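Trainee: Could you take me through one part of this model up close? I'd like to start from a single residue and then see what surrounds the rest of the picture.

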Amino acid sequence: MPSQRTKWLILITVIVGTFLGRLDQTIVNLALPKIVSDFGISVTSGGWIATAYILANAIFVPIWGKLGDTWGRKKVYIWGFTLFIVGSVLAGFAWNLSSMIVFRVIQAIAGSADYPTAMAILAVTFGEGKERARALGIWSSSFAAASVFGPLLGGPLIDSFGWRSVFLVNLPIGVIGLVMALRYIKESVSEKKSMYFDWAGAISLGIALSAMVLVLDKGTDWGWVSVKSLISYVVLVVSSVYFYFTEIKAPEPMVNLNFFKNRVFVLTLLNNFLSFMGLIGVVFLIPLFAQTFLGYDATHAGYLFIPMAFCLLVAAPFGSSLIGKIQARYVIAISTFGAAVGMFLFSFLDARSSAYDIMIPLGIMAFFLGLGMAQRTQAIASAVPISEIGMASSVLALVRNIAGAFGVAIFATLLTNTIEGNVQRISEVSQLVVKTTDNYKQFVALIILKAQISSYAIVFECAAALLVLGAILALFIRVSKKEEEGSKDVEIFAEA
């Protein structure tokens, strides 16, 4: 086993990789308007730059998790990280939409290797239960923190150096992370020797995920009952059914469906889904509200997330220190309920709100989400054999990514539909007394403003209700004392 100092250097190493990969996914969205302008393309066409990344990332996460368990986690991590750096540089020099999409797909395929292999690397590096849980919690918080740092760092970077900088900045940071990985990470594989790769499962799962992510990303534009959306639903159902029957017969399945017979695993996944749905939804909605109604530019809207990032990073180690002292289900439940309170406070926002009216709820929400990060990740890690930790972590990563896609799709659709309904409702109960042209224009503008702001409040209230549901579910996560302290299974651990 590595020394104590080396263990924490390995933790820092994988945090760099995880942070970069997730940051890239969020920060590029801020650059899309400038990319669209430079390439002379439509906004709809530009949207495929983000969609292509999400699709490729979702498809390859489970594949890398399986390959890491069987071929070697360090090997997969290094290859993925190297390819990610190359893809980032290529994207920074993209000359048109087609080249950008190709390079983003390369980035996404490479970036999807990080999460499942990183979690498995930490699980075998930190052997003791509480120590491993603390490391997994701190690392897991970097995944959430990167979602917050996207709008925080993206605005100033784009405004000062242009959109290409969001890709090229990955080169110096990535090289540092790569050198650290080569130096400190030790090779490990599952003790179960693989003689078979589940191609049928990988392909059918990839098709199912593609259909799901595509309709979530494009459903608002296409229409949820349009022909394109209906085709996506059919493809999703058919490929999912085929995947299920393939996996129950496969000698070495892409995803072990027995995981879903474990109540701890399922309930923790559901809690993760609802928590990250709320987190990504807030990251999506708050900058939109601040720029639309409070007059903030992209850079200053990003500054609102400073307390959120700080609270996440402070709460994660504090939450991990509670492992073994308080049952995991209580910490996760308090964590999720506290996040719901922070979410609910956003429902009081209006056009006169100050920066503090946004920053304080963001801080509350982030602190409580961070509080339960260690327990959420440790519950997943302890619910499966350590030989399948890569596979389990790929499922966790997949659920968190899909949760973000669901959050944006559902919140955006709910916001749009609620605004339309509110305009009609407010118009019916409003009356213009002095009917001049100027007064009429102001009258209509005020109705629309009131409808929009009240619609944001409804969306935040619904999101808070989902988090309360997540808190209730958490109370049924019963991790045994032995599981909470960590598995004692032995891994094959070889010097790189």
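Mentor: Here's a walk that starts at Asn-170 and then moves on to the cores, the rings and a few helices. Keep in mind that this is a predicted model, so let's start with confidence. The chain has a mean pLDDT of 80, with 86% of its residues at 70 or more. Helix 14 (residues 328–345) has the highest mean among the elements, 93, while strand 2 (residues 492–494) has the lowest, 32. Over residues 486–496 pLDDT stays under 50, although the model does have 32 contacts beyond four places in sequence for that stretch. Where pLDDT is low, the predicted coordinates shouldn't be read in detail.

Now to Asn-170, which sits in helix 8 (residues 170–184). Is Asn-170 buried or exposed? Its relative accessibility is 2%, and because buried means under 20%, Asn-170 counts as buried. Its side chain makes a polar contact of 3.1 Å with the side chain of Ser-88. Leaving out residues up to four places away in sequence, Asn-170 touches Leu-20, Asp-24, Phe-84, Ser-88, Gln-107 and Val-175.

Next, helix 3 (residues 73–92), where you'll find Thr-82. Thr-82 is partly exposed, with a relative accessible area of 30%. Thr-82 and Ala-110 are 28 residues apart along the chain, yet 7.9 Å separates their C-alpha atoms.

What about the nonpolar residues? The largest nonpolar core has 124 residues, and those touching the most other members are Tyr-77, Trp-139, Phe-265, Ile-286, Met-343, Phe-346 and Ile-358. Helix 11 (residues 263–293) gives the most to this core: 17 residues. Apart from that core lies another, of 18 residues, including Ile-27, Ala-31, Leu-97 and Leu-157. In soluble globular proteins, nonpolar side chains tend to be buried together. As for Tyr-77, beyond residues up to four places away its contacts are Thr-13, Val-14, Gly-17, Asp-114, Thr-117, Ala-118, Ile-121, Ala-181 and Ile-185.

On to the rings: the whole structure has 15 aromatic pairs. One of them is Trp-163 with Phe-167, edge-to-face, at 6.2 Å centre to centre and 90° between the planes. Trp-163 and Phe-167 are both buried. Phe-344 and Phe-348 also form an edge-to-face pair, with 5.6 Å between centres and 90° between planes. Here, though, Phe-344 is partly exposed at 38% relative accessible area, and Phe-348 is exposed at 57%. Ring pairs also link Phe-289, Phe-293, Phe-346, Tyr-456 and Phe-460 into a cluster.

Leu-152, in helix 6 (residues 129–161), is another nice stop. At 10% relative accessibility, Leu-152 counts as buried. Leu-152 lies 149 residues from Ala-301 in sequence, but their C-alpha atoms are 7.8 Å apart. Leu-152 also touches Gly-302, Tyr-303 and Ile-306, again skipping residues up to four places away.

Finally, helix 13 (residues 306–320) lets you do a quick sanity check. With 15 residues at 1.5 Å a residue, helix 13 should span 21 Å, and its end C-alpha atoms are 22 Å apart, which agrees. Its buried residues are Pro-307, Met-308, Ala-309, Cys-311, Leu-312, Ala-315, Ala-316, Gly-319 and Ser-320. An α-helix has 3.6 residues a turn, so residues three or four places apart point the same way.

Note on methods
Residues are numbered from 1 along each chain as its sequence is written. Side-chain values use heavy atoms; hydrogens and water are left out. Helices (H or I, at least four residues) and strands (E, at least two) are DSSP runs, numbered from the N terminus. Buried means under 20% relative accessible area, exposed over 50%, partly exposed in between (1.4 Å probe, protein chains only). A polar contact is a pair of N or O atoms within 3.5 Å; within protein, one must be able to donate a hydrogen and the other to accept it, and residues adjacent in sequence count only if both atoms are side-chain atoms. Contact means heavy atoms within 4.5 Å. A nonpolar core is a set of buried Ala, Val, Leu, Ile, Met, Phe, Trp, Tyr and Cys residues joined through side-chain atoms within 4.5 Å. Rings of Phe, Tyr and Trp (its six-membered ring) pair if their centres lie within 6.5 Å; planes under 30 degrees apart count as stacked, over 60 as edge-to-face and the rest as tilted. The expected span of a helix is 1.5 Å times one less than its number of residues. pLDDT is the predictor's confidence in each residue, from 0 to 100.
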